[in-house]
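Please open the model in a viewer and have the sequence at hand. The tour below proceeds by selections, each followed by a description of what is found there.

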Amino acid sequence: MRYRKIIIIAAVILVLAAIGSVTSKKQAKETELSRSAIAETVETVAPTATPEPTPKPPATPKPEPTAPPAKDYVLNTSSMKFHKKTCSSVKDIAEWNRKDFTGTRDEVAAMGYEPCGRCNP
């Protein structure tokens, strides 16, 4: 009796294994067929026409860099600092050390003057 149960269980296991392998083979075949169908569909689809690019407007010429505008500065000839006219330090400059200058910041720096630490012109 005991051997009979073992034989029946073994037979059931074999049947289930056979069904599983048949099912997996069937799934593999279906997957292969669906892949080939997709490949055929991709090959038969006609390429779409690409729209023509819209013409770009003509480039506008870039303006040439202009020199920075001239500004009014106050120079302290003894300390070699330059200030904005509105700087609070300007009132402390003695008349004989003070010089008014109109030009660019680079021109003042080229003359050897340093910017004021307070107004930072």
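Select Tyr-73 and look across to β2, where the bridge partner of Tyr-73 is Lys-84. Please bear in mind throughout that this is a predicted model. Now turn to β3: there, Tyr-73 has Phe-101 as its bridge partner.

Next, select the whole of strand β1, residues 71–76. How many bridges pair β1 with β3, and in which sense? The two strands pair in the antiparallel sense over 6 bridges. Along this pairing, Asp-72 in turn stands opposite Thr-102 of β3. β1 and β2 likewise run antiparallel, joined by 4 bridges. In general, strands of a sheet pair through backbone hydrogen bonds, in either a parallel or an antiparallel sense.

Widen the selection to the sheet. In which order do the 4 strands stand? The order is β3-β1-β2-β4, in an open sheet with mixed pairing. β3 and β4 stand at the edges; each has a single partner strand, so one side of each is left without a neighbour in the sheet.

Return to Tyr-73 and add Phe-82 to the selection, with the side chains displayed. A pair of aromatic rings is described by the distance of the centres and the angle of the planes. The model contains 1 aromatic pair. Tyr-73 and Phe-82 form this pair, in an edge-to-face arrangement with 5.4 Å from centre to centre and 90° between the planes. Are these two residues buried or exposed? Both Tyr-73 and Phe-82 are buried.

Proceed to the loop between β1 and β2 (81–84), and select Met-80 within it. The hairpin of these two strands has 4 residues between them, and Met-80 takes a positive phi near 60° there. Such a positive value is found here in a residue other than glycine. Met-80 counts as partly exposed, because its relative accessibility is 30%, and the range between 20% and 50% carries that description.

Now select Thr-104, in the loop between β3 (98–103) and α2 (105–110). Which residues does Thr-104 touch, not counting those up to four places away in sequence? The list is Pro-68, Pro-69, Ala-70 and Tyr-73, the last of which was the starting point of this tour. Thr-104 is buried, because its relative accessible area of 12% falls under 20%.

The final stop is Asn-120, in the segment after β4 (114–115). Here too phi is positive in a residue other than glycine, with a value near 45°. Asn-120 is exposed, because its relative accessible area of 51% is over 50%. Display its surroundings: not counting residues up to four places away in sequence, Asn-120 touches Lys-84, Arg-105 and Pro-115. Lys-84 is the residue already met as the bridge partner of Tyr-73 in β2. To close, set a distance between the C-alpha atoms of Asn-120 and Phe-82: they are separated by 8.8 Å, while the two residues lie 38 residues apart along the chain.

Definitions and conventions
Residues numbered from 1 in each chain as written. Predicted model: local features only at pLDDT ≥ 70, side-chain atom pairs only at ≥ 80, totals over all residues. Heavy atoms only, no water. Phe/Tyr/Trp six-rings, centres within 6.5 Å; stacked < 30°, edge-to-face > 60°. Buried < 20%, exposed > 50% of the residue type's maximum accessible area, 1.4 Å probe, protein only. Contact = heavy atoms within 4.5 Å. Pairing = 2+ DSSP bridges.
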